[in-house]
Amino acid sequence: LNWAPFFSCQSNTTIRGVKATGRIGQGELVSASKALAFVPDQDTKASQDLTLQFDLSNHRLNRSSKVEMVSKLVSLLHRRPSVIPKLYKLSDGKCSPEDCSGIDIPRIQRIVNVNSFGILDDVHFYYEEWEVMNKCRDLDDQLKESRKRSKNKHLFSGVGLWTNESLYNHSCIPNCTWETIGDQIFVSSTREVLPGEELCISYVSVDESYAQRRETFRSWVDNSSRGGFECRCPRCSAIREDPKLRDMTIRIEASYRKAGEIAMLKRVPMAMAANQVLPIEERRRYLKNFQFYPQNIQHNAGAYLRILEGAYLTSVGSYLEALACFETAVEIRCAAYGSHRPGMDLAKDLWRVVGAAMNCQQKDKARTLLAQIWTAPPFTEFPRRNEAKTAFVDFTLQYTLPWWGDLAPLEYQLVMEQVLTELVLSVCNS
């Protein structure tokens, strides 16, 4: 790896980042290191030093985990002044990396704000979702319980600062992903990387819309439009420079969210909701237009468009065409983010394909997909095997049946639920 600054054609300036010096295969470990500072729990009691609790860099109160992070870094720099250049090489949005004079608390706070990694507790998050499903079988009750828990829910199990890995720049079609074990971070490639190619990770959720991503990046440094950046990855550049693509993307992403809300709150099939928010003629026109763009540029809108069309095709009995739509949606997402995607994000896409495969009586395909989900996180990381199996059954029913038996009479839905449960258990026990 080359960690030295280099000239970027996209931004037409010299930037810091990470480049491959040789070929890197898909799924290979790219880098690994121990955190310079790590706070394992967001509930960690904050330092009692009020100077640190008030963020001098942006005049805001800081979260307890970041307060503790700054406190640890200040203590470390007092003990080991030789670490100062290593820390200050990270961007804080203002100071030059060559300026390494003294312990500058506002600068340290900015470095933490810009460069720290929030560790998402996926297993705990989905374990809680499963608990809600078991406690409240009615969808309305599930929504109420989820909202109540979300008020006190901490999505992050910790926060860490890794000086090498902080140098990875962002891309909305990244070629690398990262995960942590304790205070160790591991970066792996999601596809083949050629010599001289920049290595990038994604700073945001894979499903954020273009508008959400743009707003997040604009306030990346100090929660204001003054301290952010504009993403110049191929995906964002294409949307920004192509008005037709931008308008379609914004329209489809908004329609998909609206269709989901209608289907959930009004208890109507997704096909009916899809036709309400994005009429068939308009949807077909978008499908024709999107075929001219590479798959990694189409996401999220291209994937959402196929899902809406697949729901409609299912409702009119065109099961094979619906299956093809759902499979293409998975391909588009994987083209943007690689095959190594967060477990449940990919699982929800695959459960949709499972439902479509069952409509087509392709039970072997459904079994293969279920085995892929079962042998990946979060189910492989549940604390107890029996709980993992029960959760797998419940999640599969929750996310598969709407794409298989949503339009069937109630008595048939019960039979479908039994058939699917037996199939899932056979996968777990094989």
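**Exercise 1. Find the acidic partner of Arg-333, and state where the two residues lie and how far apart their closest N and O atoms are.**

Asp-349 forms a salt bridge with Arg-333, the closest N and O atoms being 3.1 Å apart; a salt bridge here is a side-chain nitrogen of Lys or Arg within 4 Å of a carboxyl oxygen of Asp or Glu. The pair links distant parts of the chain, since Asp-349 belongs to helix α15 (residues 343-359) and Arg-333 to helix α14 (residues 319-337), 16 residues apart; helices (H or I, at least four residues) and strands (E, at least two) are DSSP runs, numbered from the N terminus. The model is predicted, so that local features need pLDDT of at least 70 and side-chain atom pairs count only at pLDDT 80 or more, while totals for chains, interfaces and linings use all residues. Residues are numbered from 1 along each chain as its sequence is written, and side-chain values use heavy atoms, with hydrogens and water left out.

**Exercise 2. Decide whether Arg-352 and Asp-349 are buried or exposed, and describe their contact.**

Arg-352 forms a salt bridge with Asp-349, with 3.1 Å between the closest N and O atoms. Because they are three residues apart in helix α15, about one helical turn separates Arg-352 and Asp-349. Arg-352 counts as buried at 7% relative accessibility, and Asp-349 is buried with a relative accessible area of 2%, where buried means under 20% relative accessible area, exposed over 50% and partly exposed in between (1.4 Å probe, protein chains only).

**Exercise 3. Classify the ring pair of Phe-117 and Trp-162, and locate its members.**

The ring centres of Phe-117 and Trp-162 are 5.7 Å apart and their planes stand at 80°, so the pair is edge-to-face; rings of Phe, Tyr and Trp (its six-membered ring) pair if their centres lie within 6.5 Å, planes under 30 degrees apart counting as stacked, over 60 as edge-to-face and the rest as tilted. Phe-117 lies in strand β7 (residues 117-120), and Trp-162 in the loop between β8 (156-161) and β9 (169-170), so the pair ties together parts that are 45 residues apart in sequence. Phe-117 is buried at 8% relative accessibility, and Trp-162 is buried at 0%.

**Exercise 4. Describe the pair of Phe-395 and Tyr-399, and name the cluster that contains them.**

Phe-395 and Tyr-399 form a stacked aromatic pair, 6.2 Å centre to centre with 10° between the planes. They are four residues apart in helix α17 (residues 385-404), so about one helical turn separates them. Ring pairs link Trp-351, Trp-374, Phe-379, Phe-382, Phe-392, Phe-395 and Tyr-399 into a cluster.
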